[in-house]
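Reader: I'd like to go through this chain with you, piece by piece. Could you show it to me before we start?

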Amino acid sequence: MKIRTLTTLFFSFLIVLGLSAQSSSDVPFMIMPSVDNAAMIAWEEENASKGRPAQFAQPFDVDVTTESHGIWSVDRWGNQVWQLGIKSQGAESLNFGFTEFRFPQGAQLRIFSLDGSKRLGPYTHLDNDAHGQFWTPIIESDEVIIEIRVSSSQGRNSLDFRLGRVSHGFKNFQSLLSGACNLDVACSSEDGYPEVDENRDIIRSAAVYSYGGFLACSGALINNTRQDCTPFFLTADHCGLNTVLASTMVVYWNYENSFCRPPNSASSGQGGDGSFAVSNSGAIFRSGYSNSDFTLVELDDPVVEEANAFFAGWDRTNTAPTSAIAVHHPNTDEKRISFEDDACSITFYFSNAPNSSATHVRVEDWDLGTTEPGSSGSPLFDQNKRIVGQLHGGSAACGNDLPDWYGRVYISWTGGGTPESSLASWLDPDNTGAMFIDGKEAAACNFSVDVTPASQVVCSPGTVDYTVVISEGFEVQADLDVQGLP
């Protein structure tokens with residue numbers, strides 16, 4: 001790859017940010033191979049289907065360390081600073097896979113565009129994970145600076161750092177537009193869609209995710225019988241996550257339009273204004289089973305509080321839903337919701353023949369909205385708002401009344417009979433035998449009790465006043481014990 005140098009421009013940028021750099025420092029840039037965005041988009045459109053993950057970027061494997069590339073300098077506070085520029089001409093976005101990532105406490109990684117308008121980080125020792133990798137969300141720029149700051153007491157040798165992949169986004173997530181018949185989750189009763197308001201909770205369980213830096217699918221947070229907010233995430237087996245690729249996963253929460261674009265309107269068929277600002281990076285593969293096309297991963301960090309997420313419930317009974325709801329990201333576009341008012345059937349994949357022991361739930365046709373490529377892995381909810389499957393494939397689209405098929409939770413529960421091929425070991429770890437559970441608010445996972453003052457001295461008999469503040473998420477019974485000292 002070609003290397004070029006940026007000097008005055010970058011130095012001026014640092015001054016604007018209030019940082020410090022030596023004027024003689026040259027920031028080397030790595031120039032990535034050229035990508036024909038239009039040709040890649042045409043290829044993706046031709047090959048798009050619900051049976052494969054969507055591709056939004058062209059990945060390039062690299063081998064970059066702080067010793068092989070970039071430049072070290074010292075800022076005015078004595079910190080050691082490493083910088084490297086990355087340019088990929090015409091990229092709608094860039095994202096980075098750090099295949100070795102172990103930071104000491106106090107070290108920071110930042111990534112920012114040259115004008116400072118787009119930024120990622122800081123990433124710190126809190127982003128260290130057992131698998132030793134860190135994969136970033138996208139940054140919507142084709143030219144960025146990667147910067148590491150380490151205190152003088154730590155030194156550059158305290159880092160374990162390697163950049164292994166740079167991915168050129170040949171389309172942003174909105175470039176392959178979803179069909180105009182789709183319904184935004186931002187729609188409400190005021191817009192004439194009360195059914196959306198009735199499902200605000202399960203809407204917040206669904207998300208779009210990327211992995212490997214260049215592929216994307218849909219999926220959802222799913223609850224377990226311990227109700228302990230373990231961040232299990234359900235998606236489709238055909239999306240391709242496995243024990244290696246799970247660590248590269250980046251989940252984008254609340255990627256949705258900020259206002260209602262009425263279905264079949266011109267605006268509904270255009271790009272939206274969704275944000276990628278809230279995300280989780282990294283997961284651990286837990287189980288998968290191709291017959292019912294499911295994969296279950298566990299995010300390797302708690303769901304970020306800003307996601308305001310919901311852990312969806314599930315139903316593993318051998319029954320077909322009497323109605324159905326899909327929450328998904330068609331063509332990896334902003335989040336949409338679809339409704340089937342009639343009963344579903346149980347069939348094998350792409351079969352129309354009912355069979356109670358079959359592997360899939362068949363949705364006859366969507367009465368409002370649809371699904372598209374990119375929706376793969378998204379949850380199917382029954383009439384009780386519990387997950388009964390995840391999208392495998394189908395022919396539904398705007399302009400037709402064709403069916404979709406979802407791999408059944410009923411089949412996935414026992415799957416291949418091992419923890420690595422079933423849902424049961426993870427979603428019912430204590431073997432309670434529950435046939436279904438409801439969902440849970442992520443906010444209920446974070447509760448606190450604050451007592452003021454912490455202690456008081458009183459002579460008996462006497463009274464003291466305490467203020468006890470219990471956070472909104474507190475849902476369990478608690479006994480308060482008052483103890484006296486001799």
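Reader: Thr332: does it count as buried or exposed?

Author: Quick caveat before that: this is a predicted model, where local features need pLDDT of at least 70, side-chain atom pairs count only at pLDDT 80 or more, and totals for chains, interfaces and linings use all residues. Residues are numbered from 1 along each chain as its sequence is written, and side-chain values use heavy atoms, with hydrogens and water left out. Buried means under 20% relative accessible area, exposed over 50%, and partly exposed in between, with a 1.4 Å probe and protein chains only. Thr332 has 1% relative accessibility, so it counts as buried.

Reader: And what sign does phi have at Thr332?

Author: Thr332 sits in the loop between β22 (324–328) and β23 (336–340); strands here are DSSP runs of E with at least two residues, helices are runs of H or I with at least four, and both are numbered from the N terminus. Thr332 is not a glycine, yet its phi of about 55° is positive.

Reader: How does Asn308 count in terms of accessibility?

Author: Asn308 is another non-glycine residue with a positive phi, near 50°. Its place is the loop between β19 (294–299) and β20 (310–311). Relative accessibility is 44% for Asn308, which means that this residue counts as partly exposed.

Reader: Which form, cis or trans, does the peptide bond from Gly121 to Pro122 take?

Author: Pro122 belongs to strand β9, residues 119–123. Omega for the bond from Gly121 to Pro122 is near 10°, and the bond is cis.

Reader: In what order do the four strands of the open sheet come?

Author: Two strands pair if DSSP finds at least two bridges between them. The edge strands, each pairing on one side only, are β4 (57–64) and β10 (134–135). The pairing is antiparallel, and the order is β4-β12-β7-β10.

Reader: How many bridges join β7 and β12?

Author: Let's go across the sheet. Six bridges join β4 to β12, with Gln58 partnered by His168. On the other edge, two bridges join β7 (residues 93–102) to β10, and Phe98 stands opposite Phe134 there. Glu100 faces Arg162 in β12, and the antiparallel pairing of β7 and β12 runs over nine bridges.

Reader: Why is β12 described as largely enclosed?

Author: Strand β12 covers residues 160–169. It is largely enclosed by the rest of the structure because, of its ten residues, the number buried is eight.

Reader: Which residues touch the most other members of the largest nonpolar core?

Author: A nonpolar core is a set of buried Ala, Val, Leu, Ile, Met, Phe, Trp, Tyr and Cys residues joined through side-chain atoms within 4.5 Å. This one has 35 residues, and the elements giving two or more of them are β13 (206–211), β14 (215–222), β15 (232–236), β16 (250–252) and β19. Contact means heavy atoms within 4.5 Å; leaving aside neighbours within four places in sequence, the contacts of Trp253 include Ala207, Leu221, Phe233 and Leu299. The members that touch the most others are Tyr209, Phe233 and Trp253.

Reader: Zooming out, what share of the contacts with a separation of 6 or more comes from residues 24 or more positions apart?

Author: The chain has six helices and 32 strands. Of its 486 residues, 55% are buried. Among contacts with a separation of 6 or more, the share from residues 24 or more positions apart is 72%.
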